[in-house]
Every structure is written in C-alpha cells, then in structure tokens.
Amino acid sequence: MTAQEVRLCGLLLREHFGEVVEKVGTHLLKGGPQNLRTILHETGISLDLVKKSLCVLVQHSICAFSPGRKGPGSPSEYRTSCDHILRILRYPRYIYTAKTLYGDTGELIIEELLQRGEMTMSSTVKTVADRLTQNMEDGRSMDYSEVSSAFSKLVETHFLQRCPPTGVAATKEGATPATPGTPAAPASAAPPKAESFPDCYKVPHVTLIGRGKRQLSSEDGDDQKNAKKARMDTETHGDEGIYWQVNFERFHLHFRDQAIISAVANKLDQTSSEIVRTMLRMSEVTTSPTATCTKPLSANEIFRSLPSSYNIARPILDQYLTLLVDDPMEFVGKAGESGGGMYVVNLHRALANLARATLESVVQERFGSRSARIFRLLLRKRHLEQKQVEDFAMIPAKEAKDMLYTLLSQNLVQLQEIPKTPDYAPSRTFYLYTVNQLPTARMLLQNCYKTVANLIERRLFETKDSKRLLEKSQRIEAILASLQASGAEPEQLTEVEEMITAPEKQQLETLRLHINKLDSAENQVDETIFLLESYVNSTATTTS
C-alpha cells in the first residue's frame, strides 16, 4: 500500500461517507487490524461516531472484523483494504454495465445495492418499482414481478450474490446493524467469502404481489407519514434475513472480457471479435477467475454456439481461428487437434499485451513518437546497447541519446551493467538498455492513482468555490418542480426562473462543463487503472 493509494482512498471515503468515516477508514488502512478501543484512543473520535462509522464500512463490505489475535474472548479487530475502497471509483461503470445488459430496471437494482451496501430482495424490488413508477406517465406503474425477474437474471449471471453468513444475527433492513465491537464475533479468523457456501446464488421464493406506488408530494407531514409507513410495513415476504450484495469480481471479469473483445475488433475485424466473444461466453462458468487461459473448446462447439445472425460457414470459421492463432498478439491459442481443433483464449497473454499497448501509448503521448519507437524496440529486443538502439530505430545518435536518458530519468527504461572483468571498469563493461514491463506498469499505476486523486480534489474545489450558487440553483429547481406539479401559470414559472441572473446562468453552465470534463477524465483514467491492475494481479497469480 502506497501513500498515493491511501490519499485516493481517503478522498473517496470523504466524498461518499463524510469526514468521520474517512478518518476511521484511513486510520485502519495505515494502522492495520485494530480493536475498537485502539481506534477510539488513536483517532480521538467519540465512541458513538466510531461505532456508526464502522457500521457504514461493514455494511458496504469495505471493512471486515474477526476475533482478536490474542485468542478466544479478546475484542474483535477491524481491518480494511485499499482494493475494497477503490471499487467506489468504479461505481458509475458498474451501473452503466447493468443498464446496458438489463435495461433501466437492472441499472436501478445495482444502484440501490451500491448505495445501501446490502438489501433483501423484497426491499430492493419495492424500492426499484416505486422509483420506476415515479418516472412513468400518470396511470402507469411498474409490476413487482418485472423487477423480480430482472433481479433473478442478475443473480443467475452472478452479478448479484448473497451476503456471506457471519454468525451475527441479521438485522432488519433500514435499522443500524449491531456493531460487532464485542467478543460475539464470527468464529473464523478470516471473513467467509460468498462463494464458500452453496446457496450463494440461490434466489429465495418471495411472495411479493403488487405494483410500484407513486410518491405523493407534500410540503409538510412527510416525516410522520414515513414513520407511520415504517411501523405499518411489517408483512413478511419469505426472504427475511437473506441479504444481497453486488458481486464486484463478476463485473471485473466482464470488463476484462470486453477489453479483450474490443482489442480483437480493433486489431482484426468485428467477426473475429464475435468469435472470441463466443469463446469467452462458453467458458464463463468453467474457467476460474484466476486462470491464465480458458478451458479448451473444440471448433465444432464454437461453430454451434455462434449467434445465428452471423452466417459464417465452417471453412470460414477455421480460417478465422487460424488467423487468430497466428496473430502476434496471441489472444487465441491452439491446445489440440481433436474435434476439429481445440482452442483457448490466452487471458494472461491478452492482459499483458493490453498493458503493453497502454505503456506504449503513455510514452508516445508524453515524449513523442520517436521515444515510443525506442520504447517499443526495447520491449521487443529485450536488451540493446545505445549504438544498437540508434541503428535499429534509425534515429541520429544525439537525439537517441537524449531520448534514452529522458526515459531513463522517468524510470520507464532501465540500464543494466554487464562487466567483462570483476573491477567494473567502464571500458570493459557492456551497458544495456532494457524495459521491465511489470515494474513499469506498477509505476504507471501509482501515477494513475495520483491523477485520479488530483481530479477529485479539483472537482471538490470547483464545487466548494461555487457552493452558494449551486444551492440557489437547487432551491429554484425545487420551487419550479413544485409549481409545475400544482399546475401553476406560465407567468409564475417565468418569474421564478428569472431569480437566476444571466451572469449566474453562464457561471453555472461553465461549472457544469468543468465538472463533466473532470468526471469523464476520472472514468477514462479508471479504465487504465483497471487494465494495469488486472495485468499486475494476473502476473502475481501466474508466478505464485
């Protein structure tokens, strides 16, 4: 864990949960596993606030707790990790993916679960149906069965999973979970994973009949109505105590597959990418998330599984598979000859090539095309002397020397000394330039963390600087919405709209443009972070 990761995690916690949760979360990141008393003493926060902060972190699967290391009866210890916090950065991407695959209903289901951490199926279905009904035309409403069907599809494809059993009594939805700060904690030292119990993807039978309800707008009495509704809504639906959460690993596998498919489409053509997509879809269930390649698939199986819209003859498919196997990127490999030929998708090799292309792109953008040519040359040839770099890259000696030293100063290129004699005399030593892809990817990953943290800080500064104007705009929008709902005259609406002056409107438009650019930049950098993280993790799995 580096300082840049801790800084980014702190900013994400502050933006989503507030300053108190940020202080507790960053303290756990820096200090490692600690019990409640130690956290209280070292942060100086009140007991009530620390308990609530820990509840929030546990609810969102950011913090885990286990019995103390001193043995049975010792206070529970809390710990968190950067990986779990950095998922927050990818929330928009999770929601957009759900919308792409399952429409608006899937989008709102994932959004609700990300906002609340964990929910029961019945509670999620009701909330999503109400939200969809609110946006429909008058007289229309969303049936609970449609939302339940979308929920079941998300579970079937493993995008949702049950929360792992912890041995702690399940709390009711909406109530504050019991803080596990006492010795009554899970029996195992490591928190159980969702996949470790058989009912992880089993959808319970929920007795939920009805349609979404439209929220009535009223200026006063809302709190009393909500409290009364909470007291009256005590009916059971058959899934009490069964909580669901987003399966982030499944989303990450989907992102990885999409990156590979997109790379094949850019390198070859759309038909090749569709063949690779079919192979990845066929091996989703049989391939382990940490595997370096998919299970072997015969050409006959691939041919039968291709979408009917692609009218590809069998000889044409064989030609495409041969083309994919012979491609230097090596996305697809041949594993045997039975069944018309056995083929695999080389997941680790694909991630390594994608990371390599990312590194080359960064060098080209920062230092120009000639430096990128030298960088690619060193990646391909492994070790070269300065004279060889000049000859192979066809760059004048002075320019090549300057570019090599620039790349060396940025740690993108390494210099290796190979002496002829033990005294390391310069005249009897070979000086070879090389690129170590894995350390370079790790360094670029840290730069990406720093970039995202800077973008978030800039966005927070822009918002804080125009806080008064934003609050005024929100108040006016609320008044306009209320007047439109009550059927106000156009003159009244125009009068309210004119409460914001022309310079203020221009300032708001400029601010929104800046915020949109910063948000877009965050998402783009996160795509680079995901590729580099996947490559680093894949390499660690391969070498272990």
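**Exercise 1. Work out why Cys 163 forms no disulfide with the cysteine whose sulfur is closest.**

Solution. The closest cysteine sulfur to that of Cys 163 belongs to Cys 200 and lies 9.7 Å away, which is too far for a bond, given that a disulfide is taken here as a pair of cysteine sulfur atoms within 2.5 Å. A search of the whole structure accordingly returns 0 disulfides. As for accessibility, Cys 163 counts as buried at 16%, whereas Cys 293, at 30%, is partly exposed; buried means under 20% relative accessible area, exposed over 50%, and partly exposed in between, with a 1.4 Å probe and protein chains only.

The model is predicted, so local features need pLDDT of at least 70 and side-chain atom pairs count only at pLDDT 80 or more, while totals for chains, interfaces and linings use all residues. Residues are numbered from 1 along each chain as its sequence is written, and side-chain values use heavy atoms, without hydrogens and water.

**Exercise 2. Describe the surroundings of Gly 106.**

Solution. Begin with its place, which is in helix H6, where helices are DSSP runs of H or I with at least four residues, and strands are runs of E with at least two, numbered from the N terminus. Next, Gly 106 is buried, its relative accessible area being 0%. Leaving aside residues up to four places away in sequence, Gly 106 touches Ala 98 and Leu 154, contact meaning heavy atoms within 4.5 Å. Finally, Gly 106 and Val 147, although 41 residues apart in sequence, are 8.2 Å apart in space, C-alpha to C-alpha.
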